[in-house]
Amino acid sequence: MAEGIYKCVKCGHREVRESNAALLENSCPKCGSDMVLVGFEIEPVEETFNEPLMEKLSEFYSLGEMQAKGDVMAFEVLSVKETNFERVLKELEKLGYWAALKKREGKVALFVFPAQQVKEENPLIGIGLFIATVLSTLFAGYWLSSSYISFLDQYNLPGIRNIYLNALAFSISVLAILGTHEMGHKIAATLHGVKSTFPYFIPFPNILGTLGAVIRVKSPIPTRNAAIDLGSSGPIAGFIVAIPVLLIGLRLSPTLPISAAQMEGEIAFGQSLIMLLLERYIFRVPGDYVIYLHPVAIAGWVGILVTFLNLIPAAQLDGGHIARAFLGEKLHSILTFGLGLAMIGLSVLWAGWLIWGFIILLMGRIGNPGALDEVSPVSPKRIVLALIVLAIFILSATPVPISVVQ
């Protein structure tokens, strides 16, 4: 068996073990935490094996010196015959192998190792979480609608006073934005041959009723282009749905002069640049007016905030995958550490940044391994896509997401 190099996700301890499993649970000799596979110990061999595999490799590359340890092989790549690494990976997977192209000491190295079996997920888990999230968002929508109707009654303003209709509209809007975001990831993963689950919604008893949704990526990302596609597809898809939801919600939201409104103690939802532009230039809300968000507008606000948080270019967030496509592992780790500290510093503006800062620092200890192929260049189209995502990140940035009016 190959000797794997393992790193503790908590204390950073490294050691070599006779294993090639991706994760060793509770196995750190220092702190007892999980250890993840970060590399392999390789030693030279004189003879090769698995003739079909070697024939297939020779179709794609001119190979030089070979080294191996157990069932992991490393080759020096003299020239590349097939530039489409996703095709290479697809053909090798038919033989039961995965591969990785990395730069080592100025040379291109090809690592070939057995493909891991992808376990089937229990669909009942996803269905159960979805039903629970529907209920939790309906409850949150009911609470938000109750506050909204009370505001209408207090100032005798026109608006939708059906509390159940408002709650249902909030739930549908939130689920549509989050579901579209994650399905964007799912579609991009499928197009690039990356195995992944369908979205898992996360119910939570807060004023929004959820902590979002996730998909689990269950096989490596093949190329840097694929990493950019996977990282950008979700935020772009969710943003596209969030904008019309926000427009509808703002249309339903009453406005009142600040001098006439008694807002002390009320929750204030932070403004992003896109919200400010919509309020000022689409709905022409005067600067001395306050706008009380309808539950649907709050759902759109949630979509914008989720887009912003996911595009932070750190660790394994969506923005982190995009940044990792352009940066080496060490530089990306430094960026992640710096952003984690910056989040903690921003906690003077909003206490939630303190939690986010520690989450980013914790995720940073695990690192981001990047794509299997880190040799092939990023295409011009993906550079344009990354710039579009950067613009969305700026438009959706919300420095103080939630506060209480003093």
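Trainee: Which residues line the largest cavity?

Mentor: In this predicted model, the largest cavity is lined by Ala315, Glu329, His332, Ser333, Thr336, Gly364, Gly367 and Asn368. Helix α9 (residues 329-345) supplies the largest share of that lining, 4 residues.

Trainee: How do you know how many residues of this lining are nonpolar, polar and charged?

Mentor: The lining divides into 1 nonpolar, 6 polar and 1 charged residue. Ala counts as nonpolar and Glu as charged, while the others in this lining, Gly among them, count as polar.

Trainee: How many cavities of 30 Å³ or more are there, and how much space lies in the largest cavity?

Mentor: The count comes to 1 cavity of 30 Å³ or more, and about 30 Å³ of space lies in the largest cavity.

Trainee: Let us turn to the aromatic rings. How many aromatic pairs does the structure hold?

Mentor: There are 8 aromatic pairs in the structure.

Trainee: Why is the pair of phenylalanine 151 and tyrosine 292 called stacked?

Mentor: The ring centres of phenylalanine 151 and tyrosine 292 are 4.2 Å apart, and rings pair if their centres lie within 6.5 Å. Their planes stand at 15°, and planes under 30 degrees apart count as stacked, so the name applies.

Trainee: What makes this pair a tie between separate parts of the chain?

Mentor: Phenylalanine 151 belongs to helix α3 (residues 123-155), whereas tyrosine 292 sits in the loop between β14 (289-291) and α7 (295-310); the pair therefore ties together parts 141 residues apart in sequence. Phenylalanine 151 and tyrosine 292 are both buried.

Trainee: What makes the pair of tryptophan 350 and tryptophan 353 edge-to-face?

Mentor: The planes of tryptophan 350 and tryptophan 353 meet at 90°, with ring centres 5.1 Å apart. An angle over 60 degrees counts as edge-to-face, so the pair earns that term. Tryptophan 350 and tryptophan 353 are both buried, and ring pairs link these two with Phe308 and Phe393 into a cluster.

Trainee: Where does lysine 186 lie relative to phenylalanine 198?

Mentor: Lysine 186 is placed over the face of phenylalanine 198, at 4.7 Å from the ring centre. The cut-off for that distance is 6 Å.

Trainee: Next, the charged pairs. How do you know that glutamate 121 and arginine 216 meet in a salt bridge?

Mentor: Their N to O distance is 3.1 Å, and the limit is 4 Å, so the contact qualifies. The pair links distant parts of the chain, 95 residues apart: glutamate 121 is in the loop between β9 (107-114) and α3, and arginine 216 in the loop between β11 (210-214) and α5 (224-251).

Trainee: Are glutamate 121 and arginine 216 buried, exposed or in between?

Mentor: Partly exposed applies between 20% and 50%. Glutamate 121 has a relative accessible area of 27%, so it is partly exposed; arginine 216, at 45%, is therefore partly exposed as well.

Trainee: Which salt bridge joins arginine 324, and why is arginine 324 called buried?

Mentor: Arginine 324 meets glutamate 374 in a salt bridge (2.7 Å, N to O). Arginine 324 lies in helix α8 (residues 318-326) and glutamate 374 in the loop between α10 (352-366) and α11 (380-396), 50 residues apart. Arginine 324 has 4% relative accessibility, and buried means under 20%, so the label fits. Glutamate 374, at 24%, is therefore partly exposed.

Methods: Residues numbered from 1 in each chain as written. Predicted model: local features only at pLDDT ≥ 70, side-chain atom pairs only at ≥ 80, totals over all residues. Heavy atoms only, no water. Phe/Tyr/Trp six-rings, centres within 6.5 Å; stacked < 30°, edge-to-face > 60°. Helix = DSSP H or I, 4+ residues; strand = E, 2+ residues; numbered from the N terminus. Buried < 20%, exposed > 50% of the residue type's maximum accessible area, 1.4 Å probe, protein only. Lys NZ or Arg CZ within 6 Å of the ring centre and 35° of its normal. Salt bridge = Lys/Arg side-chain N within 4 Å of Asp/Glu carboxyl O. 1 Å grid on protein atoms, 1.4 Å probe; cavity = no way out; pocket = protein on both sides within 12 Å on 5 of 7 lines; lining within 4 Å. Points joined across faces, edges and corners; volume = space filled by probe spheres on them.
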